[in-house]
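Here is a set of exercises for you to work through with the structure open beside you. Try each task before you read its solution.

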Amino acid sequence: MIVLTALGVATMSIGTVFLALAGLGLRRMPDTYTRIQAGTKATTLGTILALVGAALIMPEWTVKLALIALFLMFTNPLSSQVLARAAHRAGVPATRETRTDALAEDKEGLA
Amino acid sequence: MSDTFASAKLFAITFLFWMLLNGALALDVILVGALVAGAITFFLGGSLHFLSGYRLTGASARATVGYVGYFFKELVKANISVARVVLDPALPVVPAIVKVRTRLRNPVARLLLANSITLTPGTLTVEMTDEWLYVHWVVARTTDPEAATDAIVAGFEKYLEVMYD
């Protein structure tokens, strides 16, 4: 029991490290799209690790926590995609270092 | 695929979801679940048929296991690479929006592909039109559609092709 609890605390701690890195990424990245990237991936893994940690501490919650994780894995990337798409449609500029924008090129072709 | 079989699968999926949410094998829970899952299948089956595109075969089950394993491996890799970029004082980003092609037609398979791309190394799906996906890539290695498809899509597509019609 004590081993599981210790493992759970360790897993949760690693999760919070990834969440903190996501925050740092939001601050450091140069434009909207790269910020969305930093915000999506690290928060998804960070939250999943926090849920796994919770499942190790309270094993009887495992099924419900797994459902939450599944729900998160479907909705988190979806909201990021919609945000990125809305930003692109609204003409939010990408950083100057961006090499190509195939979407903008194709849209010009269609217009 | 026959309509009856599609309805049975939809019923099974909604019923299983209900049972997981409740986490109890009591008779009243099962009865209410069967009733609600039955009503959903009967009244909304037409508009929810996309949920039952999942193939129930041995090959599909093996592909699912392979997909889940590959997905988690890529998710961890994605996080380590993002962490490395964020912690690097020089912030080595070479962003680009590239276009990639997918062969998948089933809507749920396409959703899973787009979501998987978003959660894996430095890529974010921005827009989807027919067979083309527009992907924002933090550290773009190539801007050629064919090469980008190989790098971003191929790993997931080979599993999803087997799992969905």
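## Exercise 1: The hairpin

Asp130(B) takes a positive phi near 45 degrees in the hairpin of β2(B) and β3(B), which has 2 residues between the strands. A note before you start: this is a predicted model, where local features need pLDDT of at least 70 and side-chain atom pairs count only at pLDDT 80 or more, while totals for chains, interfaces and linings use all residues. Residues are numbered from 1 along each chain as its sequence is written, chains are lettered from A and ligands numbered from 1 in the order in which they are written, and side-chain values use heavy atoms, with hydrogens and water left out.

**Task.** Find which residues of β3(B) stand opposite Thr125(B) and Thr129(B).

**Solution.**
- Step 1: Recall that helices (H or I, at least four residues) and strands (E, at least two) are DSSP runs, numbered from the N terminus.
- Step 2: Locate β3(B), residues 132-137, which runs antiparallel to β2(B) and is joined to that strand by 6 bridges.
- Step 3: Match the residues: Thr129(B) has Trp132(B) as its bridge partner, and Thr125(B) stands opposite Val135(B).

## Exercise 2: The sheet and its helices

**Task.** Work out in what order the 3 strands of the chain B sheet lie, and which helices lie across β2(B).

**Solution.**
- Step 1: Use the pairing rule: two strands pair if DSSP finds at least two bridges between them.
- Step 2: Read the order β1-β3-β2 in this open sheet, with antiparallel pairing.
- Step 3: Spot the edge strands, β1 (96-101) and β2 (123-129) of chain B, each of which pairs on one side only.
- Step 4: Add the twist, which averages 30 degrees from one strand to the next.
- Step 5: Place the helices. α3(A) lies across β1 and β2 of chain B, at about 65 degrees to β2(B), and α4 (residues 107-119) of chain B lies across β2 and β3 of chain B, at about 150 degrees to β2(B). Axes are lines fitted to C-alpha atoms, for helices over the stretch in contact, and angles run from 0 to 180 degrees between N-to-C directions.
- Step 6: Look at burial (buried means under 20% relative accessible area, exposed over 50%, partly exposed in between, with a 1.4 Å probe and protein chains only). Because 5 of its 7 residues are buried, β2(B) is largely enclosed by the rest of the structure.

## Exercise 3: A proline in a helix

**Task.** Is Pro77(A) buried or exposed, and which residues is Pro77(A) in contact with?

**Solution.**
- Step 1: Find Pro77(A) in helix α3 (residues 62-89) of chain A.
- Step 2: Check its relative accessible area, which is 0%, so Pro77(A) is buried.
- Step 3: List its contacts (heavy atoms within 4.5 Å). Leaving aside neighbours within four places in sequence, they are Thr40(A), Leu72(A), Asn115(B), Thr118(B) and Leu119(B).

## Exercise 4: A helix of chain B

**Task.** What does α1(B) pack against with its buried residues?

**Solution.**
- Step 1: Take the helix, residues 3-22, whose 20 residues reach 29 Å from first C-alpha to last, close to the 28 Å expected at 1.5 Å a residue. The expected span is 1.5 Å times one less than the number of residues.
- Step 2: Pick out its buried residues: Ala6(B), Lys9(B), Leu10(B), Thr14(B) and Met19(B).
- Step 3: See that these pack against α2 (27-44) of chain B.
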